[in-house]
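Work through the exercises below with the sequence and coordinates open. Each task is followed by a stepwise solution.

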Amino acid sequence: MEVCTPVLSQAAGTDPSIVPLHTRYTGPEYPRGLDLFLQTSPEFAMKRLLAAGSGAIYQIAQVFRDGEYGPRHNPEFTLLEWYRPGLDHHDLMKEVADLMSACLGQEIGMKKIRYVELFEQQFGWNPLQAETNQLEDAAKAHGIETGNLGHRDQWLDLLMSLVIEPTLGKQGLTFVYDYPASQASLARLNPEDERVASRFELYYQGVELANGFHELTDAAEQRRRFEAENHQRQQRGLPQLPVDENLLDALDQGLPDCAGVALGLDRLLMLQQGEMTLDRVLTFSLTQA
Amino acid sequence: MATYSTNEFRGGLKLLLDGDPCVIIENEFVKPGKGQAFNRVKLRNLKTGRVLEKTFKSGESVEAADVMDRNLQYLYNDGEYWYFMDNDSFEQYQVDAHAMGEAVKWIKDQDVCNVTLWNDAPILVEAPNFVVLEITDTDPGLKGDTSGGGGKPATLETGAVVRVPLFVQIGEKVKVDTRKGEYINRVKD
């Protein structure tokens, strides 16, 4: 079923690496004004619908993220997001691959690789165990000069974005899965290895296209993770964000076992048209909007 | 101490890195959907001329290089240094071959150039984007050939060599794009 959820919300995602844009409503119900956030993805509202018994749902949504503008980024972009009760993230990867073949007009092969294996192949060490100085050395060995990044996840992000990502998906679709638990606050942990979470990313032609989860359904665990993220925000000098109590209530009511994915439609269009930058396929990007 | 945040990065911005003034050539924003954003920056060290790449965490601040751009007039060359003058203050500056760089190929007396000063010393000279120079040597071309196809090398009065159409002759003046080192057109006096 196609759904349409509000762009404006009283709560925001607490992910320290995603900055929401905000605005303010003043009028009936809130005569002194109410701070509202523009959605960074429709995930929370869609999970509320799932908990209310919607069954499988999808939507094409405009989403907004502050501070993101470049060849592959625009602060306003379009996500296709969908949820499948009863499926896990491996089933969903297959469905994403089928959709990609349909959109690109040809059968495209897919391969799957664990996040850990990807790093072991490229650098020869396990990203869950490597010391920060090993991560720094790997960056240097690949000609990346940078300052002190602090958290080890940020070193992993650096190596993923600058060294690994450009090489992914050259021969077909590449799904990377089982991300470090620290990088997947909305996914359930892998019951066979709780150091990793049931998250996947799709890469094609060196471009990150989609992110999916076997969704976390445990309300108490979700609250702990939101609070941990707000704590990280505090440590990095970022503002605290209001936790989405409506989402936590919905999880408490019972989110069905489901997998969900968000796919960047502007980037997909860019690849389909053989373009290298988003501004070639957006009607008006940030600087012309 | 003046600083620039990564959000202010753009081509031409001058930063101080490891004590040396550098100019940004390219700046690219890179970010995984869920994860840290970075600015991958290509810079030229203005003292050594070396091109380097640096990656910054987005939102970081970097010290600005205390440099000034001045329009200075080229006076003469004494075999070792090139001399420029500020036409308002009449102050003169001595520039070495390193700071002159490619500009030596294009400029002649009286030309006004953008000169970058660091701690009041010239570290970079940029020739005007377009210059008009006389041809001092080239093979005689075919008379009546105005097609412009093919072309031939021609030596300019500054010593630089550019490709020109066959009809262009010794003694004629041509307009050149100094950024690409390309002939634009003939110029009549």
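**Exercise 1.** Against which strands and helices of chain A do the buried residues of H1(A) pack?

*Solution.* Start with the ground rules. This is a predicted model, where local features need pLDDT of at least 70, side-chain atom pairs count only at pLDDT 80 or more, and totals for chains, interfaces and linings use all residues. Residues are numbered from 1 along each chain as its sequence is written, chains are lettered from A and ligands numbered from 1 in the order in which they are written, and side-chain values use heavy atoms, with hydrogens and water left out.

Step 1. Fix the elements. Helices (H or I, at least four residues) and strands (E, at least two) are DSSP runs, numbered from the N terminus. H1 of chain A covers residues 43–51.

Step 2. Pick the buried residues. Buried means under 20% relative accessible area, exposed over 50%, partly exposed in between (1.4 Å probe, protein chains only). In H1(A), the buried residues are A:Glu43, A:Phe44, A:Met46, A:Lys47 and A:Leu50. They cover an arc of only 160° around the axis, which puts them on the same side of H1(A). The arc is that of the directions from the helix axis to the C-beta atoms.

Step 3. List their contacts, meaning heavy atoms within 4.5 Å. The strands are E4 (57–64), E5 (76–85), E10 and E11 (258–264) of chain A. The helices are H6 (219–235) and H7 (245–254) of chain A.

Step 4. Look past the helix end. A:Gly53 follows H1(A) and has a positive phi, near 100°.

**Exercise 2.** Describe the surroundings of A:Thr5.

*Solution.*
Step 1. Locate A:Thr5: it sits in the segment before strand E1 (8–9) of chain A.

Step 2. Classify A:Thr5. Its relative accessible area is 10%, so it is buried.

Step 3. Collect neighbours, leaving out residues up to four places away in sequence. A:Thr5 touches A:Gln39, A:Pro42, A:Ala45, A:Met46, A:Leu49 and A:Gln59.

Step 4. Test for polar contacts. A polar contact is a pair of N or O atoms within 3.5 Å; within protein, one must be able to donate a hydrogen and the other to accept it, and residues adjacent in sequence count only if both atoms are side-chain atoms. The side chains of A:Thr5 and A:Gln59 make one at 2.7 Å.

**Exercise 3.** Which parts of chain A does the salt bridge of A:Arg24 and A:Asp35 tie together? Then treat A:Arg114 and A:Glu221 in turn.

*Solution.*
Step 1. Apply the criterion: a side-chain nitrogen of Lys or Arg within 4 Å of a carboxyl oxygen of Asp or Glu. Over all chains, the structure holds 23 salt bridges.

Step 2. Take A:Arg24 and A:Asp35. Their closest N and O atoms are 3.0 Å apart. A:Arg24 lies in strand E2 (residues 22–27) and A:Asp35 in strand E3 (residues 30–38) of chain A, so the pair ties together parts 11 residues apart in sequence. A:Arg24 is partly exposed at 46%, and A:Asp35 is partly exposed at 45%.

Step 3. Take A:Arg114. It forms a salt bridge with A:Asp178, with the closest N and O atoms 3.4 Å apart. A:Arg114 is in strand E6 (residues 110–114) and A:Asp178 in strand E7 (residues 173–180) of chain A, so this pair links parts 64 residues apart in sequence. A:Arg114 is partly exposed at 39%, whereas A:Asp178 is buried at 5%.

Step 4. Take A:Glu221. Its side chain meets that of A:Arg225 in a salt bridge (2.9 Å, N to O). Both lie in helix H6 of chain A, four residues apart, about one turn of the helix. Both are buried.

Step 5. Check for networks. Salt bridges that share partners join A:Glu43, A:Lys47 and A:Glu215 into one network.

**Exercise 4.** How many residues of chain A and of chain B are in contact? Characterise the interface.

*Solution.*
Step 1. Count residues: 26 of chain A are in contact with 15 of chain B.

Step 2. Give the area. The buried area is about 1900 Å², of which carbon and sulfur atoms give 52%. Buried area is the accessible area (1.4 Å probe) that two parts lose on being put together, summed over both.

Step 3. Count interactions. There is one salt bridge between chain A and chain B. It joins B:Lys31 to A:Glu68, with the closest N and O atoms 3.5 Å apart. There are 10 residue pairs in polar contact between the chains (both at pLDDT 80 or more).

Step 4. Assign elements. Helix H5 (152–164) and strand E10 (207–214) of chain A each supply at least two residues of the side that touches chain B. H5(A) gives the most, with five residues.
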